Amino acid sequence: MALFKKKKDNVNEEVNKNEELRDMLSEAYDDIMKNGVQQDNNTEKTDNSKNSAPVDLSNEIFEMNVRKFQKEKNQENLLAVLRMLPGRKFIVPSISNMDESIERDGDKIKLKEGVVLNPALLTAKDGKVFIPLFTKEKEMVQKSPSGINLRMKFEQCVSMVFNDKNPIWAVVINPFTDNMIIGEDLLRQMFVPVEKEENKKSN
């Protein structure tokens with residue numbers, strides 16, 4: 001399996017730091033279960049009403065909350081990050097089943113027929129595998145192995161972690177800079193897999 005190689009190997013350090021947050025995460029879980037963290041069905045809709053308040057979900061605010069938590073790890077700062085995750089889209093590097101994934105069609109560029117893109121992954125020295133989530137391209141440091149970036153909702157990434165066929169242990173936000181790791185245990189407590197949520201709606 002091809003992996004998105006990481007230049008700065010500080011993932012293990014963050015994993016160890018996250019071990020110390022278990023009590024905090026338990027409290028955060030209780031708070032979120034009480035106040036809710038599930039995605040609003042209107043997350044991607046834009047309200048153009050003149051009287052509506054501006055939506056406080058920009059990348060800048062999210063990044064600020066991530067860095068605030070990394071600087072001072074406490075329940076309040078953790079919740080500020082977790083509450084902004086549902087419905088949020090991230091840039092994810094990809095790998096391709098072909099050496100060249102795109103081709104020109106006149107003035108247009110398109111994917112070649114038969115191309116399959118999958119998220120590129122990071123691996124730590126201890127063998128743990130992570131799916132990297134970037135808030136913007138300049139956070140990536142390296143180009144996507146396929147030359148193509150995927151845009152995935154956080155829930156899609158969580159479902160990959162929950163899939164037993166995938167070796168993914170956690171998601172990591174901006175691994176080359178902020179390096180905020182959210183492990184499978186916390187993800188399973190906090191977030192409902194996309195398929196499970198869809199099944200509930202259909203019933």
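This report walks through the fold and selected side-chain contacts of a predicted model.

## Overall make-up

The chain has 203 residues, and 41% of them are buried. DSSP runs give 7 helices and 9 strands. Accessible surface comes to about 12,400 Å². Carbon and sulfur atoms account for 45% of that surface.

Sequence-distant contacts feature strongly in the count. Take the contacts between residues at least 6 apart in sequence: 74% of them join residues at least 24 apart.

## Helix α3 and T135

Helix α3 covers residues 59–71, and N59 is part of it. N59 is partly exposed, because its relative accessibility is 26% and the buried class ends at 20%. The side chain of N59 reaches the backbone oxygen of T135 at 2.8 Å. Leaving out residues up to four places away in sequence, N59 touches R88 and T135. N59 and R88 are 29 residues apart along the chain, and their C-alpha atoms are separated by 9.1 Å.

E63 also sits in helix α3. E63 is buried, with a relative accessible area of 4%. Its side chain makes a polar contact of 2.5 Å with the side chain of T135. Beyond residues up to four places away in sequence, E63 touches T135, K136 and E139. T135 is therefore a shared partner: N59 touches T135, and E63 touches T135 too. The spacing fits a general rule. An α-helix has 3.6 residues a turn, so residues three or four places apart point the same way.

## Helix α4 and its cap

Helix α4 spans residues 75–82. Its buried residues are N77, L78, L79, V81 and L82. N74 caps the N-terminal end of α4. A side-chain oxygen of N74 lies 3.2 Å from the backbone nitrogen of E76.

## Aromatic pairs

The structure holds 4 aromatic pairs. One of them joins F90 and F154, with ring centres 6.2 Å apart and planes at 55°. That pair counts as tilted, because the angle falls between the 30 degrees limit for stacked and the 60 limit for edge-to-face. F90 lies in strand β1 (residues 89–96), and F154 lies in helix α5 (residues 154–162). The pair therefore ties together parts that are 64 residues apart in sequence. Both rings belong to buried residues: F90 has a relative accessible area of 1%, and F154 has 0%.

F134 and F176 make a stacked pair, with centres 5.9 Å apart and planes at 25°. F134 is in the loop between β6 and β7, and F176 is in the loop between β8 and β9. This pair therefore links parts 42 residues apart in sequence. F134 and F176 are both buried. Elsewhere, F62, F90 and F154 form one aromatic cluster.

## Charges over rings

Two lysines are worth locating here. The charged end of K73 sits over the ring of F69, 5.7 Å from the ring centre. The charged end of K128 sits over the ring of W169, 4.3 Å from its centre.

## The β2–β3 hairpin

Strand β2 (residues 102–105) and strand β3 (residues 108–111) run antiparallel. They are joined by 4 bridges. E103 stands opposite K110 in β3. The hairpin has 2 residues between the strands. G106 takes a positive phi there, near 70°.

## Positive phi outside glycine

V141 has a positive phi near 65°, although it is not a glycine. V141 lies in the loop between β6 (129–133) and β7 (149–153). V141 is exposed, because its relative accessible area is 53% and the cut-off for exposed is over 50%.

N174 is another residue other than glycine with a positive phi, near 45°. N174 is in the loop between β8 (168–173) and β9 (180–183). N174 counts as buried, at 1% relative accessibility. The two loop residues thus sit in opposite classes: V141 is exposed, whereas N174 is buried.

Conventions:
Residues are numbered from 1 along each chain as its sequence is written. This is a predicted model: local features need pLDDT of at least 70, side-chain atom pairs count only at pLDDT 80 or more; totals for chains, interfaces and linings use all residues. Side-chain values use heavy atoms; hydrogens and water are left out. Buried means under 20% relative accessible area, exposed over 50%, partly exposed in between (1.4 Å probe, protein chains only). Contact means heavy atoms within 4.5 Å. A polar contact is a pair of N or O atoms within 3.5 Å; within protein, one must be able to donate a hydrogen and the other to accept it, and residues adjacent in sequence count only if both atoms are side-chain atoms. Two strands pair if DSSP finds at least two bridges between them. Rings of Phe, Tyr and Trp (its six-membered ring) pair if their centres lie within 6.5 Å; planes under 30 degrees apart count as stacked, over 60 as edge-to-face and the rest as tilted. A charge sits over a ring if NZ of Lys or CZ of Arg is within 6 Å of the ring centre and within 35 degrees of the ring normal. Accessible areas come from the Shrake-Rupley method with a 1.4 Å probe; for residues, only the protein chains shown count as cover.
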